[in-house]
Structures are given as C-alpha cells and as structure tokens.
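Me: Could you walk me through a protein model? I would like to start with its cysteines and then look at the core.

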Amino acid sequence: MTTITCIDDLKALYQRRVPKMFYDYTESGSWTEQTFKSNETALQRILFKQRVLVDLSQRSVASTLLGQPVSMPVALAPVGLTGYQHADGEIKAAIAAARFGVPYTLSTMSICSIEDVAAKTSAPFWFQLYVMRDRDFIRRLIQRAKAAECSALVLTVDLQILGQRHKDIKNGLSTPPKPTLKNIINMVSKPRWGLGMLGTHRRDFGNIIGHVAGVEDTGSLSEWTRQQFDPGLNWDDVAWIKDLWGGPLIIKGIMTPEDACLARDHGADAIIVSNHGGRQLDGAPASIEVLPAIKAAVGDRLEVLMDGGIRSGQDVLRALASGADGTMVGRAYIYGLGALGEAGVVETLNILRNELDLTMAFCGRTNIATVSGDILWS
C-alpha cells in the first residue's frame, strides 16, 4: 500500500474503497459546485510569512474549545450518513477523536444513534441538531442528547430547505442503497466496505427510525424527511432550543456579520462560519473570505469556529490567523474513515497536527495561542 503522507493520499484510498454514491455524497456541492471548490482555493491563496532564527525547541498546538482542553483547535464536523462511509462509522470516528483529544460532532442524520455512540465511547461528544416540523420529536431528540451527556449542541441553521446536489440525484442516493444493477456492481467491487456493512446491524438513520410515530422503515423515512425539514425556522426558535438544551449552544451556518451578531444576541456561546461545505447556496463566498469581518463584528464575545475547505494543517493555521478560535474538519476525516476506519481518522488528525505544528514553526511561532494575522502576507 502507498505510504500515507497527506490528506490527498487518504482521499485516493477512500475513493478506491467506498461505493461511488457515498464518495460522491462527500465530494460534491450544489449546482455548479462553485462555492464547494472555492472553499479550498480561497484558503490556498493565503500566503504565510516565513521567519527565521527563532528558538523552536519547545512548541505546542494545544488549545481550548468551549472551555475544554483540546490537543489542537480542531473539531470533527457533523456529517450525515457517516455509517455508510464505513461500518459503524460514527462510533469509529468518535472513538478516534476521543483518543486524539478533539471533539466529535454527531449528526442528526447519522446511521449510529446518539445512544449507540454514547454506549461505545467514554468522552463526551457534541450533537448537531436539524430542526424538524415535528417539534415533539425535536424536544425528545434534545432530551436524548442530554441523557447521553453530550457536551454541546450544534444547531445547524442553513438547511431549512435542501440545496440541489446533482450527483446525489443522478446516483439515486438512498439509505440503504437501492438494489439497482449499477449499485450492486459498484458495491461488489468494494469488498472491504461490503464485508464491513454485512457485519453491522446499523444501516438506517438511528436517531429517527423507531423514535418517530409512523416511521419504522426507510420507505416511510424518505417521505418523512422530505416533509419534515422546517422552512419556518427563525431566530425566535433559538430561545426555545437554548432553554430546552440548557448547555453550551453553537450555531452553525453563519456567513455574515449581521447574523453573527444576531446569534450572539440570541444566546449562542459559539458560532461556526460555514456555507455547509458548498452544499447549499452555490455562488456564496468561501467561508475563509467572510471570516475576518465576522470575527471583527463579534470580537471575543463568543467563540468563532470556521468550517469549509480545511484539507491540511496549513489550512487550520490560515483560519486561526484570519480570526478563528478553531476549525471544523468534515471531508478530510471522512477520507480517513472510508480509507482505513478508526485508524484512518487518527491518521487524518495526526497529519493535520503535524502540518499545523511545522507551519506554525516556520512562521516563527511556538505556541498556537500567539498566532495572529501578522503571520500572513496581506
């Protein structure tokens, strides 16, 4: 096997080992994919200032997120269908994150349920919430996250309606996959993936099946999810969610200073600057492009994380130097998970930390807390 030295190596292995519909689900955006692509390219345009003759013998990238110590200022982002990238994928990723010392965020649309992940892990994880029209279900979902001792609630606010993703439509993406000839041929060509999926009973949306009246299988689930995402979600609902949750609240999907200030005013403890990985509004700017203005608007009154386009430790440093208190990583850890399972997620995090540490050193800094905009060429 090829020696793994970077995230691109994991991505190549991931593509070989995971069925096309799930690779495409990860590696795509909406419509023309302009925003999906610009998340990466905008980061790559940011250049570092190299400094020399600085004592680099003692370095640290350790930090805190929401007051909790982390081995580096990175969290694993919520990703739906992770349990179809690798059998029991959410559990594997959560265990890897805990081993490494960074937060893991479980998606509402996960294959492994909140209870599954809590039973198999010892470290608290974050839970990401999509708000549905069925508010009784949402109330019970939040209570389940509290019972599992999740340490933060990540409220995603940019998916009231679904952006059109051409690849998913063309692939006929479904859970579980439809037994078409094309899908069967593709899945048979991925024996490691197939054996893993045969060895688990977790193949449906674990947070939903059996927890909603009338939704007992995927046939009724698809219609339920189409109807249930709530286009009426608004700022007035945040207070209800925050009161029901009672713990740290993170709002994900902020792309303007105005909305950042509204999030602060409505009680958010942190925000995530995110365009949903380019999967919602195509033609929007890259997350990194709006980050500085958002950070300037809210200052230190709440934590600001950035999500979108992070494919290296250098990208993490670019985001931190541009004002972020931390970053979220989604696609990069999915590459590792699909390629090598739990070990692949750990490898992803090791690569990011090594690149972050070395690039920080080349910029003449020895502690991540001292990183600022002056390490960048303006």
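Me: Is Cys112 buried or exposed?

Reply: Happy to help! This is a predicted model in which local features need pLDDT of at least 70 and side-chain atom pairs count only at pLDDT 80 or more, while totals for chains, interfaces and linings use all residues. Residues are numbered from 1 along each chain as its sequence is written, and side-chain values use heavy atoms, with hydrogens and water left out. Buried means under 20% relative accessible area, exposed over 50% and partly exposed in between (1.4 Å probe, protein chains only). Cys112 has 0% relative accessibility, so Cys112 is buried.

Me: How many disulfides does the structure hold?

Reply: A disulfide here is a pair of cysteine sulfur atoms within 2.5 Å. For Cys6, the closest cysteine sulfur is in Cys363, 20 Å away, so a bond is ruled out by distance. Cys112 is in no disulfide either, with the sulfur of Cys150, the nearest, 14 Å away. The number of disulfides in the structure is zero.

Me: Which helix gives the largest share of the largest nonpolar core?

Reply: A nonpolar core is a set of buried Ala, Val, Leu, Ile, Met, Phe, Trp, Tyr and Cys residues joined through side-chain atoms within 4.5 Å. The largest one has 111 residues, and Met72, Phe127 and Met306 are among those with the most contacts inside it. Helices are DSSP runs (H or I, at least four residues), numbered from the N terminus. Seven residues of this core, the largest share, come from residues 342–362, helix α16.

How values were computed: Helix = DSSP H or I, 4+ residues; strand = E, 2+ residues; numbered from the N terminus.
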